[in-house]
Amino acid sequence: MAQPCENCKLRAHYDKNPNSLLGRFWRWHINFCPGWKAFFTNLPEDKKAAFREKYKFNKY
């Protein structure tokens, strides 16, 4: 079953335009979102590395 973070509409806004208000909100939000943490920590290491680079995310 796909987790909500896989198909998140806010994440899609970030992917389309990282500087948009919704894109910036999503990027800020992932720093403390329990859903993102569960999604991210369950990814294989290669996908984690890709997400870390794409989203400049190094928290977990």
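In this predicted model, helix α2 has G23, W26 and R27 as its buried residues. Viewed down the axis of α2, these buried residues fall within an arc of 95°, so they line one face of the helix. The other side of α2 carries L21 and W28, which are exposed. The buried residues of α2 pack against α1, α3 and α4.

L22 also belongs to helix α2. With a relative accessible area of 38%, L22 is partly exposed, a class that lies between the limits of 20% for buried and 50% for exposed. Not counting residues up to four places away in sequence, L22 touches L10 and H13. A further relation concerns R11: the C-alpha atoms of L22 and R11 are 8.5 Å apart in space, while the two residues are 11 residues apart in sequence.

Before α2 comes a loop that contains S20; this loop runs between α1 (9–16) and α2 (21–29). S20 has a relative accessibility of 18% and therefore counts as buried, the limit for that class being under 20%. A polar atom of the S20 side chain lies 3.0 Å from the backbone oxygen of N17.

Helix α4 spans residues 45–55, and its buried residues are K48, F51 and Y55. Seen down the axis of α4, they fall within an arc of 65°, so they line one face of the helix. The face of α4 turned away from this buried side carries the exposed residues E45, D46 and E53. The cover over the buried residues of α4 includes α1, α2 and α3 (34–41).

Two of the helix pairs that involve α4 are set out below.

| Helix pair | Packing angle | Distance between axes |
|---|---|---|
| α3 and α4 | about 135° | 10 Å |
| α1 and α4 | about 60° | 12 Å |

The packing angle of about 135° between α3 and α4 falls outside the ranges for roughly parallel, roughly antiparallel and roughly perpendicular helices, so the pair counts as oblique. In this contact, W36, F39, F40 and T41 of α3 meet K48, F51, R52 and Y55 of α4. By class, the residues of the contact of α3 with α4 divide into 5 nonpolar, 1 polar and 2 charged.

For α1 and α4, the angle of about 60° likewise leads to the description of the two helices as oblique to each other. R11, Y14 and D15 of α1 make this contact with F51, K54 and Y55 of α4. The residues of the contact of α1 with α4 comprise 3 nonpolar, no polar and 3 charged. F51 and Y55 are thus found in the contact of α4 with α1, in the contact of α4 with α3 and among the buried residues of α4.

The chain beyond α4 begins with K56, which follows the helix and has a positive phi, near 50°. K56 is a residue other than glycine with a positive value of this angle. It is located in the segment after α4. K56 is exposed, with a relative accessible area of 63%, where over 50% is the limit for the exposed class.

Technical notes:
Residues numbered from 1 in each chain as written. Predicted model: local features only at pLDDT ≥ 70, side-chain atom pairs only at ≥ 80, totals over all residues. Heavy atoms only, no water. Helix = DSSP H or I, 4+ residues; strand = E, 2+ residues; numbered from the N terminus. Buried < 20%, exposed > 50% of the residue type's maximum accessible area, 1.4 Å probe, protein only. Polar contact = N/O pair within 3.5 Å; in protein donor to acceptor, adjacent residues only side chain to side chain. Arc of directions from axis to C-beta. Contact = heavy atoms within 4.5 Å. Axes fitted to C-alpha atoms, helices over the stretch in contact; angles between N-to-C directions. Parallel < 35°, antiparallel > 145°, perpendicular 65-115°, else oblique. Nonpolar A, V, L, I, M, F, W, Y, C, P; charged D, E, K, R; others polar.
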